[in-house]
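Biologist: I should like to understand how the terms used for a protein model are justified. May we examine them one at a time?

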Amino acid sequence: MSEIRIEDSWKKVMDYSVNKPYFKVLSSFIAEEIKAGKKIFPHTPLIYQAFNLTPFNKVKVVILGQDPYHDDGQAHGLCFSVPDAKAQPPSLKNIFKEIKNDLNIDIPESGNLERWAKQGVLLLNATLTVEAHKAGSHQNKGWEIFTDSVIEQISLQKENIVFLLWGSYAKQKVKLIDSTKHKVLMSGHPSPLSANRGLWFGNKHFSATNEFLETKKLKSINW
């Protein structure tokens, strides 16, 4: 995976991590899976798409997901996002419903969140790959060490970042974040199970994010 292009401003952030033994083991695991003919999502050029669309120096907001989508044609390197032609998964539908409730923005036809990424929203999955049709199949292979270190470095090197932690898994990452210099917003997950229990809708995270950015004289996000 080392030959995959990564946007220049992230290289210094990642160098300390990609040279460690665990990352070499992770890279070998992915290479062997592909060599064995297994279908891996997202396709190789898109594994680091979240970083390529949101340079380190442009990050203003971090949204943390868990795994890439594992069905054909869905995963394209951004958490919760799907390509233009794909139907919106249930969690993404609920995200758009909350934005509608919060900011009165019409629900878009496309579930492609590249437009957020290009505004400084890092759409980071904790695990960056998955075997087709096998949810969670690449968990505990090393990706979480890598993405935890990314979160730590964002917290350490930057200030006034909004971290959106949705659901119990994402909330565990709060320990990696210095909340004295960043804004952390937590709620239930947008999945139907959580949303239908009243743990998602009404969190107003999207207006709260923009209000915080504006108080820091930063441009708000066009959700």
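Modeller: Certainly; this is a predicted model. In helix H2, the residues Tyr-22, Phe-23, Leu-26, Ser-27, Ile-30 and Glu-33 are buried.

Biologist: What makes a residue buried?

Modeller: A residue is called buried because its relative accessible area is under 20%, whereas exposed requires over 50%.

Biologist: How do you know that the buried residues of H2 line one face of the helix?

Modeller: Viewed down the axis of H2, the buried residues fall within an arc of 140°, so they line one face. The face turned away from that buried side carries Pro-21, Val-25 and Lys-35, which are exposed.

Biologist: What covers the buried residues of H2?

Modeller: The cover includes helix H1 (8-18), strand S1 (40-41), strand S4 (130-131) and helix H6 (143-157).

Biologist: How do you know that the span of H2 agrees with what it should be?

Modeller: H2 has 15 residues (21-35), which at 1.5 Å a residue should span 21 Å; the end C-alpha atoms are 21 Å apart, and therefore the two values agree. Just after H2, Gly-37 takes a positive phi of about 85°.

Biologist: Why are H4 and H9 called oblique to each other?

Modeller: The axes of helix H4 (residues 90-103) and helix H9 (residues 205-215) come within 8 Å and cross at roughly 60°. Roughly parallel requires an angle under 35 degrees and roughly perpendicular 65 to 115; H4 and H9 are therefore oblique.

Biologist: Which residues make the contact?

Modeller: H4 contributes Ile-95, Glu-98, Ile-99, Asp-102 and Leu-103, and H9 contributes His-205, Phe-206 and Ser-207. These residues divide into four nonpolar, two polar and two charged.

Definitions and conventions: Residues are numbered from 1 along each chain as its sequence is written. This is a predicted model: local features need pLDDT of at least 70, side-chain atom pairs count only at pLDDT 80 or more; totals for chains, interfaces and linings use all residues. Side-chain values use heavy atoms; hydrogens and water are left out. Helices (H or I, at least four residues) and strands (E, at least two) are DSSP runs, numbered from the N terminus. The expected span of a helix is 1.5 Å times one less than its number of residues. Buried means under 20% relative accessible area, exposed over 50%, partly exposed in between (1.4 Å probe, protein chains only). The arc is that of the directions from the helix axis to the C-beta atoms. Contact means heavy atoms within 4.5 Å. Axes are lines fitted to C-alpha atoms, for helices over the stretch in contact, and angles run from 0 to 180 degrees between N-to-C directions. Angles under 35 degrees count as roughly parallel, over 145 as roughly antiparallel, 65 to 115 as roughly perpendicular and the rest as oblique. Ala, Val, Leu, Ile, Met, Phe, Trp, Tyr, Cys and Pro count as nonpolar, Asp, Glu, Lys and Arg as charged, and the others, Gly among them, as polar.
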